[in-house]
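Student: Please take a close look at one helix and the contacts it makes. After that, I would like the salt bridges and another helix pair for context.

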Amino acid sequence: MERKHWIDNLRWVTVLLVLFYHVIYFYNNKGVFGGVGGFGEYPECPQYQDVVMYFLYPWFMPLLFLLAGMGSRYALQRQSPKEWFKTRTRKLLVPGTIGLFVFHWMVGYFNSMKPLLVGENLADGLPLLAKYFIWTVSGTGPLWFVQVLWLLSLVLLLVRAIDKNDKLWNCCGKTNLLVIILLGVLFWVGEQTLVKHPRPESLDGLLNLYKPVFYLIPFLLGYFVFSHDEVQEKLEKAWIPLLAGAIVAGTVLIITTFGQDNTSPQYLGSPLNCLYGWLMCLAMMAWFKAKFNRTGAFADYMTRNSFGVYILHYLVIVALGYMMKHYTSLAPWMIYAILFVAVMTIPFALNEIIKRIPFIRWCVLGIKGKQ
């Protein structure tokens, strides 16, 4: 089967958007948990750069799960389910578990420092070994994506076992454009599975972060619906109206909700957020299918290395981002500029170094053998 370069290109472009998102989100003042706070309180200090969060968050992670579902379909046409799942375990579960102890404990170190978390530093007064385990547990960061993706891969094998003759997949190939758009209702249904009022003493917040039921929907849609050439061609023909519709919906969403916590369950479950998120997923796939189904030296490099860059980038965000905010007097625009350049360069260098170190590359990047 001929390689679909547009899928590769869309995946690595989306990864770069994730990096950009984290630069902005880390200094947001809209109440989004996980950063170090903004450069003033909202609304006195609007921080209009935070609009990036409202533009990207509704769709870029669902899109990655859609693409992962499509890629799973293509991979399972070349590999047996056993071989495929073994590869997925090495590529996803190993970095998402063992990698925490080898590399991402450093992310946890900065996450445990004041004032990243409300209250006292959880590691204060504990032995070094205990601190290390706390840092490891709190160092997951963007690794939630690979952990959830591994779990969904397991679910997919169970679904395939039920649908042994591919009846569901064959049926989904007949989906027309109207039905494709209406599938956005499932996007909304998935968002309704979030805990609307998470209890601080429970795992509700963790469930709202991982959103396994919500992400299962685009993953399975990618596998059963959007892996069909016929469906992709229908999207391609409609890329202009889909993109226009997404831009209109996004503009209305941003204008009417700017200042709200755009990661809250109430915000994510709103019909307008779901409409915008779904239309952007469709529009990005349609646009890249129509205009970016080609490759080159840079695109090929990004296709091979964007996963490693995603895995490694967050340490740069929390370390450099935290230090500049609290130990320098740099102007905000300089902090943003420095962090943006750093996150677009340092993770690439780390990836090149780590993938050349035996065993460590397996632990951190899930890479087997020589590169």
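Tutor: What follows starts with one helix and then moves to other parts of the chain. The model is predicted, so local features need pLDDT of at least 70 and side-chain atom pairs count only at pLDDT 80 or more, while totals for chains, interfaces and linings use all residues. Residues are numbered from 1 along each chain as its sequence is written, and side-chain values use heavy atoms, with hydrogens and water left out.

The helix is α16, residues 297-327. Helices here are DSSP runs of H or I with at least four residues, strands are runs of E with at least two, and both are numbered from the N terminus. Two packed helices are described by the angle between their axes and the distance between the axes. The axes are lines fitted to C-alpha atoms, for helices over the stretch in contact, and the angles run from 0 to 180 degrees between N-to-C directions. Helix α4 (residues 81-111) packs against α16 at about 10 degrees, the axes being 10 Å apart. The two are therefore roughly parallel; angles under 35 degrees count as roughly parallel, over 145 as roughly antiparallel, 65 to 115 as roughly perpendicular and the rest as oblique. Contact means heavy atoms within 4.5 Å. On the α4 side the contact includes Leu-92, Phe-103 and Phe-110, and on the α16 side it includes Phe-307, Leu-315 and Tyr-322. By class, this contact has 14 nonpolar, two polar and one charged residues. Ala, Val, Leu, Ile, Met, Phe, Trp, Tyr, Cys and Pro count as nonpolar, Asp, Glu, Lys and Arg as charged, and the others, Gly among them, as polar.

Helix α16 also holds a salt bridge, between Asp-300 and Arg-304, with N and O 3.2 Å apart. A salt bridge is a side-chain nitrogen of Lys or Arg within 4 Å of a carboxyl oxygen of Asp or Glu. The two residues are four apart, about one turn of the helix. Asp-300 is partly exposed at 37% relative accessibility, and Arg-304 is exposed at 53%; buried means under 20% relative accessible area, exposed over 50%, and partly exposed in between, with a 1.4 Å probe and protein chains only.

Asn-351 sits in helix α18, residues 346-354. Asn-351 is buried, at 3%. Leaving aside residues up to four places away in sequence, Asn-351 touches Asn-305, Gly-308, Val-309, Leu-312 and Leu-365.

Salt bridges number ten in the model. One of them joins Lys-4 to Asp-229, with the closest N and O atoms 2.6 Å apart. Lys-4 lies in the segment before α1 (5-25) and Asp-229 in helix α12 (residues 229-237), so the pair ties together parts 225 residues apart in sequence. Lys-4 is buried at 16%, whereas Asp-229 is partly exposed at 39%. Another salt bridge links Arg-73 and Asp-166, at 2.8 Å between the closest N and O atoms. Arg-73 belongs to helix α3 (residues 60-78) and Asp-166 to the loop between α6 (144-162) and α7 (167-172), so this pair ties together parts 93 residues apart in sequence. Arg-73 is buried at 7%, and Asp-166 is partly exposed at 21%. Arg-3, Asp-8 and Arg-11 are linked in a salt-bridge network.

The other helix pair is α9 (residues 184-191) and α11 (residues 212-224), which pack at about 155 degrees with axes 7 Å apart. These helices are therefore roughly antiparallel. Their contact is made by Leu-186, Phe-187, Gly-190 and Glu-191 of α9 and Phe-214, Ile-217 and Leu-221 of α11. Five of these residues are nonpolar, one is polar and one is charged.
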